[in-house]
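Dear colleague,

I am handing over the structure we spoke about, and below it you will find my notes on what turned up in it. Please read them with the coordinates open beside you.

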Amino acid sequence: FGPITVVLLFCTRPFRVRGHVDYSSQHGLPPHSLTFSVLRLDGFLAWRATMIVAAAAERNKGPILDVLRQYVDPRAPKVQLLEVASGSGQHAMHCAQALPNVMWYPSDTDPQCRQSISAYISSLKLKNVMEPVFLDSSLGCETWGGWQPNSLDIIVNINMIHITDYSCTEGLFQGAGQLLKSQGVLFTYGPYAVSGLLTPESNVNFNHSLKCRNPAWGIRDTVQLQQLAEANGLRLERMVDMPANNKCLIFRKQ
C-alpha cells in the first residue's frame, strides 16, 4: 500500500426506531462516537473505510467477553455464533480475537455499522469474523441470512432490547428458538428490570428518557423476557450483574 491518511472526526447520529440500539449511546449519554476514516492508495486504486469507535462499547467489551468466554468450549473445533445488532463491530472484534475457535457472524440494519464492521475486519485481518449482513430481528428468521434450524451454538445481542420496538425482541427470541442447537445459548446484555423492580434511580431516569423519545422503547422486565423465552423453548439459566447497572442474561435452549 502507499501512504495512509487518517482523519479523525466526531459524529452525532440520532436514535433509530427499528433494528438496534444506537451504538454510541448508553444510559442517556450523548450519541457521540469517534470514527476513523482511512484512505488507502494502491496504484490507481483508492478506497475509504470508516471504523466507528463507540465509547460505551470500549468500556463494556471486556466485561462482556469475561462472561461470554464461559459459554465457549475451547475444545470445540468450531463454534458458530451469530450476533444480532452488532453496531460498530467493536464487541465482535474484541471477542473474536480472544476466542479463535468462534466463527463470528455479525449483522446490523444500519449500512454505516456494516461498513464499520467490514473496515475492522480488513484492518485487523481477522479470519474468524465474517462479513456483516443485513438483519432485522423483527422479521422472520428465514430472512436472517440462510441459517438452517438447529445450526447455531450461540446468539449474542448487546444493547438492543431496550431501544427497539418490542417486535424486535419477540423476533430475537423466536429466531433463537428455531436456529439454536439443543442446549445452545442466547446471550443478551443491557439494562433490565428484575421481577417488576427497576433500580437504581439512574436506570429509572434512563427508562423515562427512552419512553419520551419513543413510547415503544423502554427497559424490559426479566419476567416478561422469561415468559417470551419459555414460549420459544428457552429458559433463563443465569443473570450476571455487570458494570454501569447492566446485566447479562443467559438463556439456554431446551
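Arg-252 counts as buried, at 16% relative accessibility, and in this predicted model its side chain meets that of Glu-237 in a salt bridge, with 2.6 Å from N to O. The two residues come from distant parts of the chain, since Arg-252 sits in strand β9 and Glu-237 in strand β8, 15 residues apart. Glu-237, for its part, is partly exposed, at 29% relative accessibility. The pair does not stand alone, as Arg-235, Glu-237 and Arg-252 are linked in a network of salt bridges.

The strands that carry this pair are themselves joined: β8 and β9, the latter spanning residues 246-253, run antiparallel and are connected by 8 bridges. Within that pairing, Arg-238 stands opposite Ile-250 in β9.

Where do these two strands belong in the wider sheet, and in what order do its strands come? The sheet is open and is formed by 6 strands in the order β5-β4-β6-β7-β9-β8, with mixed pairing. β5 (102-105) and β8 (234-242) stand at the edges, and because each has a single partner strand, one side of each is left without a neighbour in the sheet. From one strand to the next, the twist averages 20°. Helix α2, which covers residues 90-98, lies across β4 (79-84), β5 and β6 (152-158), and runs at about 170° to β5.

Returning to charged pairs, a search of the whole structure finds 6 salt bridges, and two further examples may be useful to you. Lys-181 forms a salt bridge with Asp-153, with the closest N and O atoms 3.1 Å apart. This pair also links distant parts of the chain, with Lys-181 in strand β7 (residues 180-190) and Asp-153 in strand β6, 28 residues apart. Lys-181 counts as partly exposed, at 30% relative accessibility.

The other example lies within a helix, where the side chains of Glu-58 and Lys-61 meet in a salt bridge of 3.1 Å, N to O. Because Glu-58 and Lys-61 are 3 residues apart in helix α1 (residues 55-68), they are separated by about one helical turn. Which of the two is buried, and which is partly exposed? Lys-61 is buried, with a relative accessible area of 17%, whereas Glu-58 is partly exposed, with a relative accessible area of 36%.

As for the aromatic side chains, the search of the whole structure finds 2 aromatic pairs. In one of them, the rings of Tyr-105 and Trp-147 have centres 4.7 Å apart and planes at 90°, so the pair is edge-to-face. Tyr-105 lies in strand β5 and Trp-147 in the loop between α3 (111-124) and β6, so that distant parts of the chain, 42 residues apart, are linked by the pair. Tyr-105 is partly exposed, with a relative accessible area of 21%, while Trp-147 counts as buried at 17% relative accessibility.

Phe-173 and Phe-251 form an aromatic pair that is also edge-to-face, at 5.0 Å centre to centre and with 85° between the planes. Phe-173 lies in helix α4 (residues 166-179) and Phe-251 in strand β9, so the pair ties together parts that are 78 residues apart in sequence. Both Phe-173 and Phe-251 are buried.

With kind regards

Key
Residues are numbered from 1 along each chain as its sequence is written. This is a predicted model: local features need pLDDT of at least 70, side-chain atom pairs count only at pLDDT 80 or more; totals for chains, interfaces and linings use all residues. Side-chain values use heavy atoms; hydrogens and water are left out. Two strands pair if DSSP finds at least two bridges between them. Helices (H or I, at least four residues) and strands (E, at least two) are DSSP runs, numbered from the N terminus. Axes are lines fitted to C-alpha atoms, for helices over the stretch in contact, and angles run from 0 to 180 degrees between N-to-C directions. Contact means heavy atoms within 4.5 Å. A salt bridge is a side-chain nitrogen of Lys or Arg within 4 Å of a carboxyl oxygen of Asp or Glu. Buried means under 20% relative accessible area, exposed over 50%, partly exposed in between (1.4 Å probe, protein chains only). Rings of Phe, Tyr and Trp (its six-membered ring) pair if their centres lie within 6.5 Å; planes under 30 degrees apart count as stacked, over 60 as edge-to-face and the rest as tilted.
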